[in-house]
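Welcome to a guided walk around this protein. Have the sequence and the 3D view at hand, and follow along at your own pace.

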Amino acid sequence: MFSRYFPILKWAPNYNREAFSADAIAAVIVTIMLIPQSLAYALLAGLPPEIGLYASIAPLVIYTVFGTSMTLAVGPVAVTSLMTASAVGELMTQGTPEYLGAAIVLALISGIILIVMGIARLGFLANFLSHPVISGFITASAAIIAISQMKHIFGIDIHGHNLIEQITSLISGLPNANLATMAIGAAAIGFLVWSRHRLTPKLMQIGFSKQMAGSASKAAPVVAVIATTVAVWALELQSAGVAIVGDIPRGLPTPALPAFNTELWSMLFLPALMIGIVGYVETISVAQTLAAKRRERIDPDQELIAMGAANVGAAASGGFPVTGGFSRSIVNFDAGARTPAAGALTAIGIAIATLFLTPLLFLLPKATLAATIIVAVLTLIDVETIKRTWLYSKSDFAAMLGTIIGTLIFGVEIGITIGVLLSLILFLARTSRPHVAIVGRVPETEHYRNIKRHDVETFPSVLSIRIDESLYFPNARFLEDTVNETISGRPEIRDVILMCSAVNSIDASALESLHHINLRLKDAGVLLHLSEVKGPVMDRLKRSPFLTELSGQVFLSQFEADQRLQDKNTLPSI
């Protein structure tokens, strides 16, 4: 019972020195990667840089206790940072204590929502965010993030919550760009792009193993941080207008939860819900992908509790919303992490950096952090998925495109809402007119296929209709109309078989439609039969009077129904 809610009890008793060594190595690598990322994502969220460090300590420790993924790395990520800035920025002014307080409350509300969903086993609600919607949302968000960070690359102010406003602000501010800031930003972007694609092969050429070279290349942002900080110090670039991080307080945050404010909580509830669900979808996707590689099991509902607890921990430690990061988790996995303890060890590393290393970051240029964000989010713009979706499903592409355009024009909250609504509308439209096929028997087999696609055998007096969708209120009338249109003008038909192999459920509206179909066919001298009805569907039908009113029979298989009715209609009359 306890291990259900505290998965640490499953793996901790068998934890050994070998696992600790693997986790410690992975933790060192992830810590090196996470320090500049945490600072950068706090900047993206409109928060002081130390808040990113705070959000990377307690959530990691808490996930170690509650999480079911052995390799998931929790912390600030680009998309939730953007959503945080969007939600809080509409209520408070950046740089004020009220802005920070609202971001903390946002993490707390999001955490509470996820915990409640996990306890109530409501993880299925995340399924309403389809892959095309999530992919489109992340692509559009990445574009907004990249443009928003140009203010630090050019050393100008950029305002706006959507792409159009930001591009307009960027263009108007370009005449005031700072050349020294541009030089640092361009150099950092160039180095990070080069290291992402070229550094690993270069290191392998000089004798590094593939794994060591890959791990070392992940430290490129740290190299950029060190190099540009030294450049600012040596050339005194801050006097030339280069914006620097400045003083970062040393020490760990004092645990505390924000006070309850009814008005603020009500305004942040919907943004917190969206951040929680989007973060959960990303988390569960990453966790299941990595777990499949090791044949491990992820508990989706427990992951809700784990991510909720991690966000409550982020709020208690003065942080902002967190989730499972894709790139960090991949690095953690590739570095050989064995258990969630790698996350706890990473948290120790971040805590040490917060205690002792923050004075060294005083001259760190904001342009370097912006470059780190830009290079990271550009990989999130998934053009290939857009192309594949267009070729495979025009309706899914419409939902994806609607999400992209909505996010770019109206902002992240409205954009993802548009995507969800479009998905639901298109789903209802598609299932309201399901594929229905008249089927016949493939010669010398017991298989039945669409007469328009295959060379099949049919019998004039028997009409077999296969319904390729569950029956519920949007398509109930469509089924009635289809049956009526199919038999009209065909007096030779004596039996109609509804082949229900693809019907997983029949709701009350559809049951009423079946009742009307049965009565109308009976009045026309035609019997209605069902075949291949699934067990759960049959169980529900037995609880209604429909089966006793059915003019025909229920057959176990379409072959049995077809043969029995053909034999009946070919018997000589006496």
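Phe473 is exposed, because its relative accessible area is 56% and the cut-off for exposed is over 50%. This residue belongs to a predicted model, as does everything described below. Its partner Tyr472 has a relative accessible area of 17%, so Tyr472 counts as buried. The two rings form an edge-to-face aromatic pair, with 5.4 Å from centre to centre and 75° between the planes.

How many aromatic pairs does a search of the whole structure find? The search finds six, and another of them joins Trp11 and Tyr15. Their ring centres are 5.8 Å apart and their planes meet at 65°, which means that this pair is edge-to-face, as the angle is over 60 degrees. Trp11 is buried, with 13% relative accessible area, whereas Tyr15 is partly exposed at 27%.

**The protein chain as a whole**

With those rings located, it helps to zoom out. The protein chain has 574 residues, and 52% of them are buried. Its secondary structure amounts to 26 helices and eight strands. Taken along the principal axes, the C-alpha atoms fill a box of roughly 110 × 60 × 60 Å. Contacts often link distant parts of the sequence: of those between residues at least 6 apart, 79% join residues at least 24 apart.

**Two helices side by side**

Two packed helices are described by the angle between their axes and the distance between the axes. Try this on helix H11, which covers residues 179-205, and helix H13, which covers residues 220-235. Their axes come within 10 Å and cross at roughly 155°. An angle over 145 degrees counts as roughly antiparallel, so H11 is described that way relative to H13. The crossing of H11 past H13 is right-handed.

Which residues make the contact? From H11 come Ile184, Phe191, Leu192 and Ser195, while H13 supplies Ala220, Pro221, Val223, Ala224, Thr228 and Val232. Sorted by kind, the residues of this contact are eight nonpolar, two polar and no charged.

**Around helices H16 and H17**

Helix H16 spans residues 326-334, and its buried residues are Arg328, Ser329, Val331, Asn332 and Phe333. What do they pack against? The partners are helix H3 (17-44), strand E1 (74-75), helix H14 (262-293), strand E2 (323-324) and H17. After H16 comes Gly336, which has a positive phi near 100°.

H17 itself runs over residues 341-356 and includes Thr346. Is Thr346 buried or exposed? Its relative accessibility is 3%, and so Thr346 counts as buried, the cut-off being under 20%. Setting aside residues up to four places away in sequence, Thr346 touches Ala27, Val30, Thr31, Leu34 and Leu60.

Gly343 also lies in helix H17. This glycine is buried too, with a relative accessible area of 12%. Apart from neighbours within four places in sequence, Gly343 is in contact with Leu60 and Thr64. Leu60 therefore appears in the contact lists of both Thr346 and Gly343, where contact means heavy atoms within 4.5 Å. For a sense of scale, Gly343 and Leu108 are 235 residues apart in sequence, while their C-alpha atoms are 21 Å apart in space.

**Two loop residues with a positive phi**

Most residues other than glycine have a negative phi, and most peptide bonds are trans. Against that background, two residues are worth finding in the loops. Glu236 has a positive phi although it is not a glycine, and Arg295 is likewise a residue other than glycine with a positive value. The table sets them next to each other.

| Residue | Phi | Place | Relative accessible area |
|---|---|---|---|
| Glu236 | about 50° | loop between H13 and H14 | 52%, exposed |
| Arg295 | near 55° | loop between H14 and helix H15 (300-316) | 82%, exposed |

Helix H14 is named in both rows: the loop with Glu236 lies between H13 and H14, and the loop with Arg295 lies between H14 and H15. H14 is also one of the elements that the buried residues of H16 pack against.

Key. Residues numbered from 1 in each chain as written. Predicted model: local features only at pLDDT ≥ 70, side-chain atom pairs only at ≥ 80, totals over all residues. Heavy atoms only, no water. Axes fitted to C-alpha atoms, helices over the stretch in contact; angles between N-to-C directions. Helix = DSSP H or I, 4+ residues; strand = E, 2+ residues; numbered from the N terminus. Parallel < 35°, antiparallel > 145°, perpendicular 65-115°, else oblique. Left-handed = near helix turned anticlockwise from the far one by under 90°. Nonpolar A, V, L, I, M, F, W, Y, C, P; charged D, E, K, R; others polar. Buried < 20%, exposed > 50% of the residue type's maximum accessible area, 1.4 Å probe, protein only. Phe/Tyr/Trp six-rings, centres within 6.5 Å; stacked < 30°, edge-to-face > 60°.
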